[in-house]
Amino acid sequence: MIEQPTQSILIVDFGSQVTQLIARRVREAGVYSEIAPFTTAAAAFARMKPAGIILSGSPASVLDGDGPRIPQEILDSGLPMLGICYGQQALMHQLGGKVVPGDAGEFGRAFVAVQDDCALFDGLWQPGESHQVWMSHGDKVVELAPGFRAVAVSPGSPFAVVADDARRIYATQFHMEVVHTPDGARLLGNFVRHVCGLSGEWTMAEFRKTKIAEIRAQVGSGRVICGLSGGVDSAVAAVLIHEAIGEQLTCVFVDHGLMRHGEAEEVVGLFRGAFNIPLVHVDASTLFLGGLKGVTDPEAKRKFIGKSFIDVFEGEAKKIGGADFLAQGTLYPDVIESVSFTGGPSVTIKSHHNVGGLPARMNMQLVEPLRELFKDEVRALGRELGLPEIFVGRHPFPGPGLAIRIPGEVTRAGCDVLRKADAIYLEEIRNAGLYDAIWQAFAVLLPVKTVGVMGDGRTYDNVCALRAVTSTDGMTADIYPFDSAFLARVATRLVNEVKGINRVVYDYTSKPPGTIEWE
């Protein structure tokens, strides 16, 4: 992990669904941040030596006996703090104020009336003004802890924003991290710059320099094996690691038979050619497709593919004379979706094949240089490292590949049909000049057959679903609003050019409630 004692912010996660947005807003202000569950926040605090602390929202209540609490080490630190929603209530509850259940919750758009100046409002809000914010809370503060004053109110929150200037502690009842609070990012910027005194100079160039030093310190003279999936994440991780340790790195590209059209050739050409990185190309399609026979449960697919990746890497490590480390392109959203904020049992949205460590039998440690980055930050790092734009700008592609874009059983024939359909869809998107405006677009081969008519004959073939979304980090997403002429053109090409498809539908589901991928 990056250790920047005077230029970092620790975000204590109490379980809010939008905690990751706080990290994004802080980084957008040019300041490095990390999220730590409240259960491990004290350890993260000791390791990071941050310049300030932000306390997230939560679905819990401070009035519950077992509700999340701010670690005492943080409360006693004397560092600047910012509480958001539950974070405000936790501060008041633990510092001597009073929180009660609200008579009626306050949810959605609200307006706060600014009553007084404070450092959060510098150059932004003035007394007497009214500003839109986004509320989402049931409990509310009714009595401030000693030293605090109210600087803004709303109809449902008498203490919408509170300040203790002497201790540099501020708190809002609304969520400033979401886009529905228009000035939220600037309020957060005021906290990290004006209150914490940070310069806002964290960049991808700085990350590159720091991470290379960390990789060298972690690896030493050891050997690293890196699994390439064909996507941006693993490619950027590999180039960064190669820059750090050179020939100590060997990349393994496992063609599991679940790749996009022409992907294997692209990856091999880029790494062996442009970057001259040692690369082992393994055709393991028979192993993967054979193991997926009869498997229909999405989690079972993911877990089989993840285990098989590890098995292949283990075999290749032995062939090259052993490796001490396994490198992966794990990203922050992968970690967030796979780990409970409480550190205990919880509902997992979906497991990620590259999160969670290695089997005990493998004598290798993980190297995950992108673990703290969001997707768009990985792209920025890729450009910083000199990867070609056509590769850096590619839409995300899941590690399990086409297996999670074929609900039901995965077969080689189904993959061939889907590969062709996906290529046509992406070709039409590029031809329309829309590729860069879309976060992710792909086709899904449904396990549903429908009756059709082609020429004078009856057909009974599969349905192909098209998916396209816009997003900034993959944590939330909206559907891309294609016009009907574009969708009709794609549908016509698919049913005419792809044998096995006779009907096309478009997925209009946002995230949430859906996920971006179908499985």
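# A walk through the model

Start by selecting asparagine 462. Leaving out residues up to four places away in sequence, asparagine 462 touches Leu445, Leu446, Val448, Lys449, Gly500, Ile501, Asn502 and Arg503. Asparagine 462 sits in strand E18 and counts as buried, at 17% relative accessibility. Keep in mind as you go that this is a predicted model.

**Stop 1: the largest nonpolar core**

Stay with E18 and bring in the elements around the core. Which residues touch the most other members of the largest nonpolar core? Pick out Leu258, Tyr425, Ile429, Leu466 and Phe482, out of 49 residues in that core. Now colour the elements that each supply at least two residues of this core: strand E13 (249-255), helix H9 (285-291), helix H10 (298-319), helix H14 (412-431), strand E17 (440-454), strand E18 (457-470), helix H15 (484-497) and strand E20 (501-506). H14 provides the largest share of this core, with eight residues.

Zoom in on isoleucine 429. Setting aside neighbours within four places in sequence, isoleucine 429 is in contact with Leu434, Tyr435, Ile438, Ala441, Phe482 and Phe486. Apart from this core there is another one, of 43 residues. To find that other core, try selecting Cys226, Leu228, Ala235 and Leu385, which are among its members.

**Stop 2: the second largest pocket**

Next, turn on a surface. Rolling a probe the size of a water molecule over the atoms shows where empty space is left. The second largest pocket holds about 410 Å³ of space. Of the 16 residues that line the second largest pocket, select the ones closest to its centre: His261, Glu266, Arg394, Leu426 and Arg430. Helix H8 (263-274), helix H13 (389-392) and H14 are the elements that give two or more residues to this lining.

Which element gives the most to the lining of the second largest pocket? That is H14, with seven residues. Colour the lining by residue type and you get eight nonpolar, one polar and seven charged.

**Stop 3: helix H12 and its packing**

Move to helix H12, residues 375-385. Its buried residues are Lys375, Glu377, Val378, Arg379, Leu381, Gly382 and Leu385. What do the buried residues of H12 pack against? Show helix H1 (19-28), helix H6 (204-219), helix H7 (232-245) and H13. Just past the helix, click on glycine 386, which follows H12 and has a positive phi, near 90 degrees.

**Stop 4: cysteines**

Now highlight the cysteines. A disulfide is a covalent bond between the sulfur atoms of two cysteines. How many disulfides does a search of the whole structure find? Zero. Take cysteine 196, which is in no disulfide: the nearest cysteine sulfur, that of cysteine 118, is 13 Å away. Cysteine 196 is buried, with a relative accessible area of 12%. Cysteine 415 is in no disulfide either, and the nearest cysteine sulfur to it, that of cysteine 464, is 13 Å away. Cysteine 415 is buried too, at 0% relative accessibility.

**Stop 5: backbone oddities**

Most residues other than glycine have a negative phi, and most peptide bonds are trans. Here are some places to look for the other kind.

- Lysine 49: phi is near 50 degrees, a positive value in a residue other than glycine. Lysine 49 is in the loop between H2 and E3 and is partly exposed, at 45% relative accessibility.
- Asparagine 276: phi is near 50 degrees, again positive in a residue other than glycine. Find asparagine 276 in the loop between H8 and strand E14 (279-283), where it counts as exposed at 55% relative accessibility.
- Lysine 511 and proline 512: a cis peptide bond joins them, with omega about -15 degrees. Proline 512 is in the segment after E20.
- Proline 512 to proline 513: this peptide bond is cis, with omega near 15 degrees. Proline 513 is also in the segment after E20.

**Last stop: proline 50**

Finish by selecting proline 50, in the loop between helix H2 (41-48) and strand E3 (52-55). Is proline 50 buried or exposed? Buried, with a relative accessible area of 4%. Then draw a distance line from proline 50 to glutamate 497: they are 447 residues apart in sequence and 57 Å apart in space, C-alpha to C-alpha.

How values were computed:
Residues numbered from 1 in each chain as written. Predicted model: local features only at pLDDT ≥ 70, side-chain atom pairs only at ≥ 80, totals over all residues. Heavy atoms only, no water. Core = buried A, V, L, I, M, F, W, Y, C linked by side-chain atoms within 4.5 Å. Buried < 20%, exposed > 50% of the residue type's maximum accessible area, 1.4 Å probe, protein only. Helix = DSSP H or I, 4+ residues; strand = E, 2+ residues; numbered from the N terminus. Contact = heavy atoms within 4.5 Å. 1 Å grid on protein atoms, 1.4 Å probe; cavity = no way out; pocket = protein on both sides within 12 Å on 5 of 7 lines; lining within 4 Å. Points joined across faces, edges and corners; volume = space filled by probe spheres on them. Nonpolar A, V, L, I, M, F, W, Y, C, P; charged D, E, K, R; others polar. Disulfide = S-S within 2.5 Å.
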